[in-house]
Amino acid sequence: MSEVPPPASAECVIVLGGGIAGISAAATLQAAGHKVIVIDQQAQIGGTHRSRQIGPYTFDAGSIFYEETARIFDLAPALRESCPEVLSIQRRIAPDGSILLYPIEPRDLLRQPVLRLVLAVLDLIVSRICLRQDGTLEKLCTKRLGRRFFDDTGLRHYLTRFHHVPPRQIDEEFFFRRMAIIERFTRTKNLARSALRAVLPRRPQASARQWPMRVRPQQGFDALFGPIARHLSAMGVEFALSESIVSLAREGAFFIVRTDQGTRLASAIISTIPLDRLHRALFSRPSGLESLDMTTLYVSAEWLHPDIGNVLFNFHADGAWKRATIYSRIYPDPAISREFFSVETTLPPGTQHDPQGAFAAFCAHVESLKLARGLKLEGHELLKECYPLLSVGTGKTLDSVLTRIGRTGVITAGRQGSFEYLPTSSGVIAQVAHQISGLAAAAPKPEMAA
Ligand SMILES: Cc1cc2nc3c(=O)[nH]c(=O)nc-3n(C[C@H](O)[C@H](O)[C@H](O)COP(=O)(O)OP(=O)(O)OC[C@H]3O[C@@H](n4cnc5c(N)ncnc54)[C@H](O)[C@@H]3O)c2cc1C
């Protein structure tokens, strides 16, 4: 192992992780007058925002969508313009195999036989009034939707395949942190409003729920993160890429960071890498926090059902996969004749990445529902620690882990760094700004920082 020379002065902030959380922290701290080094194990910045070119197809590991005012666009000039606008057309496979709007559309529930519908509405009212929450996702969903709608919409199937354990073993926090759309939809006032709309005559186009979003540049994420890296480098941020954190220790006023490339010295540490990895680096033992890994399959198809939109969620009883993102409909290209898309399947702790098995299961499922033909596996990727697993009781473990780490003086930030869901990059950037505000305010004066 070679020794990486420490900075001339140890008055340097090291940011662990070069995903959105890490680079937004670096930009803020550098602008405030700190000297900043970002360390990431990957060869490029961006974290889960990364693309993979396979033949004519550009696939992504995970993230792709941005709202018009997304904060990522503030990280360098002219980024928004490089991201095309598309209609996000989200659909779900309902338990009976039909394709419906995502996440839930009251009008679709009215298709049930009258007696069944009346029983479901009564069940909903009784659940709202009588059911006592116990901190689990099961009770919260049942209270919000009633048991029958919880089952009939397929939401129970989706949540179970997401976690690989039933919703009674998951903390209700998942509902608030990850399921914002359904959370808003099931508030009493909103539910009443959509129920009313559902019984009124249908306006033309009312069922076609779609809204414009920005997506990463057609040629892939390098076209977004290349300019960000150049802009931050010009500001003075230093990047140490393809370098993995091994251990971290505090010595007096400084931190000693050991990586697979050498040793570095810092006056402050912002960690945006997965919380358990930080815990292991600091204390040489696991934190007790568990995450779900994810297998992402990169698939092409001769034919996909025209009604499945450009993002399809699996609310059906069968199939382990949870979501498909259809790039051929987001980036239509007459030169590419096949449809191409990614398919996500979460993996419970301790499970092996098995792309061939996941692909065989996906094919069997969508072919039996007549949603696809002529499928080919083009590639695959394993996303480690993709989602925090919020089993019942995780909150207590998380509190004690954060307290233990907090005592070392390391500042944890972002989605991975805080063991949070934070489903958008804007949410991550906003949270990071809050988490590092103390350090940003304590920056040396720019003339002293050199
Ligand atoms: C499947 C999926 C889809 C998503 N889709 C969207 C979307 O469409 N739009 C959106 O805005 N947000 C989306 N999100 C949310 C997205 O995760 C956040 O926007 C953002 O990427 C989180 O950033 P982060 O920096 O916290 O984590 P990450 O992006 O995971 O970055 C963590 C970084 O830490 C590095 N690292 C880990 N361990 C080490 C180590 N030991 N040493 C050095 N480096 C290390 C990793 O290489 C990585 O670069 C999605 C998330 C997931 C999981």
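Start by selecting Glu-183 in this predicted model: at 10% relative accessibility, the residue counts as buried, because the cut-off for buried is under 20%. Now add Arg-187 to the selection. The two side chains meet in a salt bridge, 2.7 Å from N to O. Arg-187 has a relative accessible area of 40%, so this partner is partly exposed.

Next, pick Arg-277 and Glu-385. Here is another salt bridge between side chains, with an N to O distance of 2.6 Å. Color the elements around the pair and you'll see that it links distant parts of the chain: Arg-277 belongs to helix 11 (residues 275–283), Glu-385 to strand 19 (residues 372–388), and they sit 108 residues apart. Which of the two is buried, Arg-277 or Glu-385? Glu-385 is, at 13% relative accessibility, while Arg-277 is partly exposed at 29%.

Now for a network. Select Glu-138, Arg-147, Asp-151 and Arg-156 together: salt bridges that share partners join these four into one network.

Then go to Arg-216 and Asp-60. Their side chains form a salt bridge, 2.9 Å from N to O. Where does each residue lie? Arg-216 is in the loop between strand 9 (211–215) and helix 10, and Asp-60 is in strand 4 (residues 57–60), so the pair ties together parts that are 156 residues apart in sequence. Turn on a surface if you like: Arg-216 and Asp-60 are both buried. Before leaving the charged pairs, here is the tally: the count comes to 22 salt bridges.

Stop number five is helix packing. Show helix 1 (residues 20–31) and helix 10 (residues 222–235) as cartoons; they pack at an angle of about 25°, with their axes 10 Å apart. That angle makes helix 1 roughly parallel to helix 10, as angles under 35 degrees count as roughly parallel. Rotate the view until one helix lies over the other, and look for a left-handed crossing where helix 1 passes helix 10.

Finally, bring up sticks for the contact. On the helix 1 side, select Ile-20, Ile-23, Ala-27, Gln-30 and Ala-31; they meet Phe-225, Ile-228, Leu-232 and Met-235 in helix 10. How many of the contact residues are nonpolar, polar or charged? Color by residue type and you get eight nonpolar, one polar and no charged.

Terms used. Residues numbered from 1 in each chain as written. Predicted model: local features only at pLDDT ≥ 70, side-chain atom pairs only at ≥ 80, totals over all residues. Heavy atoms only, no water. Axes fitted to C-alpha atoms, helices over the stretch in contact; angles between N-to-C directions. Helix = DSSP H or I, 4+ residues; strand = E, 2+ residues; numbered from the N terminus. Parallel < 35°, antiparallel > 145°, perpendicular 65-115°, else oblique. Left-handed = near helix turned anticlockwise from the far one by under 90°. Contact = heavy atoms within 4.5 Å. Nonpolar A, V, L, I, M, F, W, Y, C, P; charged D, E, K, R; others polar. Buried < 20%, exposed > 50% of the residue type's maximum accessible area, 1.4 Å probe, protein only.
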